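Student: I would like to learn how to read a structure feature by feature, going from single residues to pairs of strands and helices. Could we work through one example together?

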Amino acid sequence: MNEPETLQKSLGVHIDPEALRLALTHRSYAYENDGLATNERLEFLGDAVLQLVVTDYLFSTFGELDEGDLAKLRPALVSTRALARIARAMELGPHIRLGTGELRTKGAEKDSILADTMEAIIGAVYSAEGFETARALVLRLVTPLLSDTEAMTAGKDWKTTIQELAAARDMGDIRYLIEDFGPDHRKSFRATVSIGGTEYAQGTGPSKKEAERDAARVTVEELTGGRGQADVLTLVLDRYEPDAE
């Protein structure tokens with residue numbers, strides 16, 4: 001199976017091989033190969049399709065949310081981080097056509113390049129196969145993020161996230177119980193999260209702050225594990241501030 005076929009299998013849609021090749025052509029590669037066409041026009045198109053599909057999905061699915069809440073959800077689903085996360089899950093990086101400079105600096109691992117290429121692929125599907133195929137692709141790739149705590153709260157400090165979650169559930173005050181271990185010249189720290197007097201998860205790190213953040217992360221994952229979309233949406237809607245792109 002060649003590379004286009006392998007990637008098409010990951011995407012779950014058929015795309016004309018030439019359209020897919022164009023979608024994978026970063027400007028750095030094009031400039032080094034006699035000015036080939038780049039994926040930037042497809043990226044522009046794909047961004048518009050992505051925004052429309054996600055906006056329509058949120059509007060249709062969450063009828064109880066007002067415009068402000070919908071506006072908080074959308075950035076979490078169409079952000080550079082979200083698209084890069086999707087790209088990594090399907091191992092898109094090795095398929096991207098990059099110039100020598102970007103290859104040298106591991107461009108295939110950069111969030112911006114991964115996200116831009118995902119948008120270009122969406123644009124290529126829309127251009128070659130039509131809106132309904134592109135819509136199905138976007139929904140299949142993006143909607144699972146709505147139940148993914150880490151994806152939906154990316155860019156937020158875990159200690160802030162756990163504060164929001166504890167407040168939403170009226171769980172009580174949060175405390176971090178700190179222990180240190182290891183030799184004096186190379187100490188490590190262990191933090192235990194206590195909420196409302198009940199101890200939850202532990203985390204470790206080379207500093208007290210990092211141990212606290214790790215403990216907060218594990219606790220959030222435990223508290224939201226198996227509960228699905230409702231808890232994740234609570235985290236996003238409670239004082240969510242979209243990252244500046």
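Student: Let me begin with one residue: is E91 buried or exposed?

Tutor: Keep in mind throughout that this is a predicted model. E91 has a relative accessible area of 59%, and because exposed means over 50%, E91 counts as exposed. As for its place in the chain, E91 is found in the loop between α6 (80–89) and α7 (100–104).

Student: What is the sign of phi at E91?

Tutor: The general idea comes first: most residues other than glycine have a negative phi. E91 has a positive phi of about 55 degrees although it is not a glycine. K106 can be read alongside it, since K106 too is not a glycine and has a positive phi, of about 60 degrees. K106 lies in the loop between α7 and α8, and with a relative accessible area of 54% it is exposed.

Student: Where does D170 stand, and what is its phi?

Tutor: D170 follows α11, and its phi is positive, near 55 degrees. Within α11 itself, the buried residues are W158, T161, I162, E164, L165 and A166.

Student: How should I read the surroundings of a residue such as D111, and which residues is it in contact with beyond its neighbours in sequence?

Tutor: One sets aside the neighbours within four places in sequence, and for D111 this leaves contacts with T80, R81, A84 and R88. D111 itself belongs to helix α8 (residues 111–129). D111 and T80 are 31 residues apart in sequence, yet their C-alpha atoms are 6.4 Å apart in space. D111 is partly exposed, with a relative accessible area of 30%.

Student: Turning to charged side chains, how many salt bridges does the structure hold?

Tutor: There are 8 salt bridges in the structure, and one of them joins K159 to E212, with the closest N and O atoms 2.6 Å apart. To read such a pair, ask where each partner lies: K159 is in helix α11 (residues 158–168) and E212 in helix α12 (residues 208–224), so this salt bridge ties together parts that are 53 residues apart in sequence. The partners can also be read by accessibility, for K159 is partly exposed at 24%, whereas E212 is buried, with a relative accessible area of 14%.

Student: How far apart in helix α12 are R217 and D214?

Tutor: R217 and D214 are 3 residues apart in helix α12, which means that about one helical turn separates them. Their side chains meet in a salt bridge of 2.7 Å, N to O, and R217 is partly exposed, with a relative accessible area of 28%.

Student: What is the distance between the closest N and O atoms in the salt bridge of D184 with K187?

Tutor: For D184 and K187 that distance is 3.4 Å. D184 is exposed, with a relative accessible area of 68%, and K187 is partly exposed at 30% relative accessibility.

Student: Now the strands: in which sense do β1 and β2 pair, parallel or antiparallel?

Tutor: Strand β1 (residues 174–181) and strand β2 (residues 188–195) pair in the antiparallel sense, over 8 bridges. To follow the register, one can take a single bridge, such as that of I174 with its partner I195 in β2. The hairpin of β1 and β2 has 6 residues between the strands, and in this hairpin G182 takes a positive phi near 95 degrees.

Student: How many bridges join β2 to β3?

Tutor: Strand β3 (residues 198–205) runs antiparallel to β2, and 6 bridges join the two; here S194 has E199 in β3 as its bridge partner. The hairpin of β2 and β3 has 2 residues between the strands, and G196 in the turn has a positive phi of about 60 degrees. Because 6 of its 8 residues are buried, β2 is largely enclosed by the rest of the structure.

Student: Lastly, at what angle do helices α4 and α5 pack?

Tutor: Helix α4 (residues 40–61) and helix α5 (residues 67–78) pack at about 135 degrees, with their axes 10 Å apart. That makes α4 oblique to α5, and their crossing is right-handed. At the residue level, L50, Q51, V54, T55, L58 and F59 in α4 meet L70, L73, R74, L77 and V78 in α5.

Notes
Residues are numbered from 1 along each chain as its sequence is written. This is a predicted model: local features need pLDDT of at least 70, side-chain atom pairs count only at pLDDT 80 or more; totals for chains, interfaces and linings use all residues. Side-chain values use heavy atoms; hydrogens and water are left out. Helices (H or I, at least four residues) and strands (E, at least two) are DSSP runs, numbered from the N terminus. Buried means under 20% relative accessible area, exposed over 50%, partly exposed in between (1.4 Å probe, protein chains only). Contact means heavy atoms within 4.5 Å. A salt bridge is a side-chain nitrogen of Lys or Arg within 4 Å of a carboxyl oxygen of Asp or Glu. Two strands pair if DSSP finds at least two bridges between them. Axes are lines fitted to C-alpha atoms, for helices over the stretch in contact, and angles run from 0 to 180 degrees between N-to-C directions. Angles under 35 degrees count as roughly parallel, over 145 as roughly antiparallel, 65 to 115 as roughly perpendicular and the rest as oblique. A crossing is left-handed if the near helix is turned anticlockwise from the far one by less than a right angle, and right-handed if clockwise.
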